[in-house]
Amino acid sequence: MRYLPHTDEDIQIMMDKIGVASLEEIFPTVPQDCRYQGTMDIPDPYTEWDLNSHMDEIRELMDVKPDYKVLIGAGSYDHHIPTIIPSLTSRSEFLTAYTPYQPEMAQGTLQGLFEYQTLASRLLGVDVANASMYDGASALAEALLMGIRVSRKKTKVAVSRAIHPHYRQVVEAYFRPTEFEVIELPYLPDGKTDLQGLDDIDDLAAVAVQSPNFFGVIEDLQTAGERIHEVGALFVAGFTEPLAFGLLKNPGSQGADIVCGEGQSLGIARSFGGPALGMFGCKDKFLRSMPGRLVGETVDLDGKRGFVLTLSTREQHIRREKATSNICSNQGICTITATMYMAALGGTGLRKLARLNYDKAEYLKAELAKAGAKMTFESAGFNEFVVEFDEDFRPVYDQLVKKKIIAGLELGRFYPELAGKYLFCVTETASREVLDTVVREVKK
Amino acid sequence: MKNAPGISGLILNEPLLWEKGKKGRNGMSVSDSDVPAAPLAEELVGEGPDFPDLSEVDVVRHYTRLSQWNFGVDTGLYPLGSCTMKYNPKINEKHAAAPEITSAHPMLSDEQSQGTLKLMYELQNYLAIITGMDSVSVQPAAGAHGELAGMLIFAAYHKSRGSKRTKILMPDTAHGTNPASAALCGYKPVPVKSGERGILEVELIRELMDEETAGIMITNPNTLGLFEENIREIADIVHEKGGLVYADGANLNAIMGIVDSKKCGIDVLHLNLHKTFSTPHGGGGPGAGPVCVVEELAKFLPAPLVEKDGDKYRLEHNRPESVGRIHGFFGNFGVLVRAYCYILSMGAENLKKVSQYAVLNACYIKEHLKGHLHLAYNRPCMHEAVFTDRFQLEYKVSTLDMAKRLMDCGYHPPTIYFPLVVHGAIMIEPTETECLEDLDTFIEVFKGVVEEAKENPDLLGSSPQRFKVKRLDETRAARNPCLTG
């Protein structure tokens, strides 16, 4: 097998040195009653060529081919990824390197992560950003746990129902074995979070609001922040579409104490939901409570600038059970990918791209409205919105599938109260032609 | 040093991204709009972030140079103990990058996603077979995430039996993520000292295990590279008091086709696909940490799981006793694709050889280096061997100094100062993908470094010299953190 270089001769030389007569003898400490019986019942090895054929078959089973237009966001966005990115991230010095614990031979990764921390903190408007969490969902759970830690005595967190339903499930899972309570905040008819009930909850450590939220609605973060701080809680601002901050006010500028969300839109392929990129940042004063790796600038023996992992006393390998999290591996290459994307796009490009997303979504909204559809939520949105039709949309949906367009996501499976309504996403990848095709089918 | 791979080279400097560029440059195509500009309320509009504007050439040169300051498995031997830095097959990269995979949206219906669901289903099964366990979830995004899933399963199990457990037995050789994961579920770790032979002793477990203890978190083989020989008896003791046995599967590379984890008495096991199953480390991730359980605990696994009805695959969300969802979607699917391809490329016989050769390589290095370096436990090791700097201390040379000198010789150093129970630990895990000649060269070079420690300790103290930077002031970085530019 091409990954196993040992020849019979090699093995003999090595066994002689060790003083064994067969490979069976190199496991003297494994008791008989722990042994694997027989051989593992998995397929015979595939050559490279057979594996290619097998994977062709797997790919064939995907109904929605790459040339389809999928007008769904819901936490996983279709954005153009420039070719330089897979080209650069495939460089084995980035891809096959370990976590940079020996910094002198990992300055590529370390400078890359420092650049990420910097650009991410500028994008989100925070004082400091970490070098990533697994994804937006676990980042939110960790943010709320951090809120509990920072508040010391408090036992409750509140989470908006307009946050991505999977994210709320992950928060529930993380909180279930603790004595802390997770309270759900409803949303208003305009699609924004209803913060009225905050006064009635005592002992509130942190409140989480997502903007743009799951419905694509832009929340009034400044007002939310004021309300939340009024009741003495920490303000956690989440997101699933960071491109929004190329156009809209970023959460840090609106008073968020912790900002966390999903960075997949920044040059990472959807890939059936993973790997993703948990982005996480906060105000300076909370730095020592923040989970995740951090890269810091320093100098070497000659006074030259260099970068190292730092403030590790927060982390599991030092602090163990008192660590700010158990996280070890983060999202490494995805973090570098996002930085490359932000670097290639640039400040000017990001503005243009964000505007393009907004205009395209608004165009589809306007045209659908003209065709008799109704926008469920009145409020302004970025590149997603919820729409309802006076007739069953499913036949239209099915017709559009034949035209290689996936027209939105039916919300009933996540929000029973929104059954029959559809969440649409329009990004720069959807041409006017595609949007006009959708509208034409609706008109029929 | 005569045969050492590391010689010399040209290193190019490269500024930080915002130290480059010019406003108006662009490195990515952004189309002009084909729809009218829509009105947007002034009070919603922000300034946009202060990002540099760079050309495509700027970006490509930047990252090409950065990559040249790094060292990967493809560059040379990377014998980090407990990390399993084996070769990362390129064919796996190709399949993870296939357009049907990369464009797959996770919110499409099951019918539309049969390919990806089939892959997940088959991987769930292959991992169960390889480990000997019954049921698998591939949702956790990293080893520590798999540990969290395991601890959540412990909590759910005990809760379902109305049993309040507040403690968990934690061997002193445990990886740091173990106590941190346990703490997330409110379990207080009870430290368990390993015996003189470097493994857990039955009597101590019997003393410590009680009905307030949720169970034990072990690593097998452990972080000293030794098989926990008493594991079955230990499992029996824990089970007798109603506890569960969690195994950290980071070191699975030593036991595939050799050990059946279920027969060891293990109830919950996590795997590291980025270690045993060849997926690349990416400079810190992404990894994947599937969690495997015995049948009795399957109902607690994170949801959804992939199930098969006839020849159709579907996501089973209706799992009322599941610990719930711990990832936004299904885990690091792109990583799962690579592990799947690896398993299919190897087959059963070759996976067993992986473990045999991984152990063979480590034992071979151990035989050669013992006597030159102090061997922490003079016993049969598995896929990694642990030495210390005891013999070098008289020359005032530490493990760190030897590691830095090895770098200049062209190697990534072994794991240093872990496990904590060994002072000045040097943990060497060559993995099975290293050939005999390369091992012989490494051994020769390390022996040379040991000589240098005696004859020329200052050389080691001032290493490394050949990289972009010399030793970095980590104290300064922590004291005055500068985390953004």
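Three exercises with worked solutions follow, on a predicted model.

Residues are numbered from 1 along each chain as its sequence is written, and chains are lettered from A in the order in which they are written. Local features need pLDDT of at least 70 and side-chain atom pairs count only at pLDDT 80 or more, while totals for chains, interfaces and linings use all residues; side-chain values use heavy atoms, without hydrogens and water.

**Exercise 1.** Describe the interface of chain B and chain A by contacts, buried area and polar pairs.

*Solution.*
- Step 1, contacts (heavy atoms within 4.5 Å): 199 residues of chain B meet 178 residues of chain A.
- Step 2, buried area (the accessible area, 1.4 Å probe, that two parts lose on being put together, summed over both): the value is about 16,700 Å², and carbon and sulfur atoms give 65% of it. On the side of chain B, the residues that lose the most area to chain A are B:F51, B:M107 and B:L483, together 5% of what that side buries.
- Step 3, salt bridges (a side-chain nitrogen of Lys or Arg within 4 Å of a carboxyl oxygen of Asp or Glu): the count between the two chains is 8. A:R305 forms a salt bridge with B:E19, with the closest N and O atoms 2.9 Å apart.
- Step 4, polar contacts (N or O atoms within 3.5 Å; within protein, one must be able to donate a hydrogen and the other to accept it, and residues adjacent in sequence count only if both atoms are side-chain atoms): 76 residue pairs across the interface qualify, both residues at pLDDT 80 or more.
- Step 5, elements (DSSP runs, helices H or I of at least four residues and strands E of at least two, numbered from the N terminus): helix α9 (residues 333-369) of chain B gives the most to the side of chain B that touches chain A, with 28 residues.

**Exercise 2.** Characterise strand β9 (residues 295-299) of chain A.

*Solution.*
- Step 1, burial (buried is under 20% relative accessible area, 1.4 Å probe, protein chains only): 4 of the 5 residues of β9(A) are buried, so the strand is largely enclosed by the rest of the structure.
- Step 2, pairing (at least two DSSP bridges): 5 bridges join β9(A) to the antiparallel strand β10 (residues 305-309) of chain A. A:G296 stands opposite A:V308.
- Step 3, the turn: 5 residues lie between the strands of this hairpin, and A:G303 has a positive phi near 80°.

**Exercise 3.** Place A:Q264 and trace its side-chain partners.

*Solution.*
- Step 1: A:Q264 sits in the loop between β7 (258-262) and β8 (278-282) of chain A.
- Step 2: A:Q264 counts as buried because its relative accessibility is 4%.
- Step 3: its side chain reaches the backbone nitrogen of A:Y77 at 2.8 Å, and a polar atom of that side chain lies 3.0 Å from the backbone oxygen of A:I268.

Technical notes. Buried means under 20% relative accessible area, exposed over 50%, partly exposed in between (1.4 Å probe, protein chains only).
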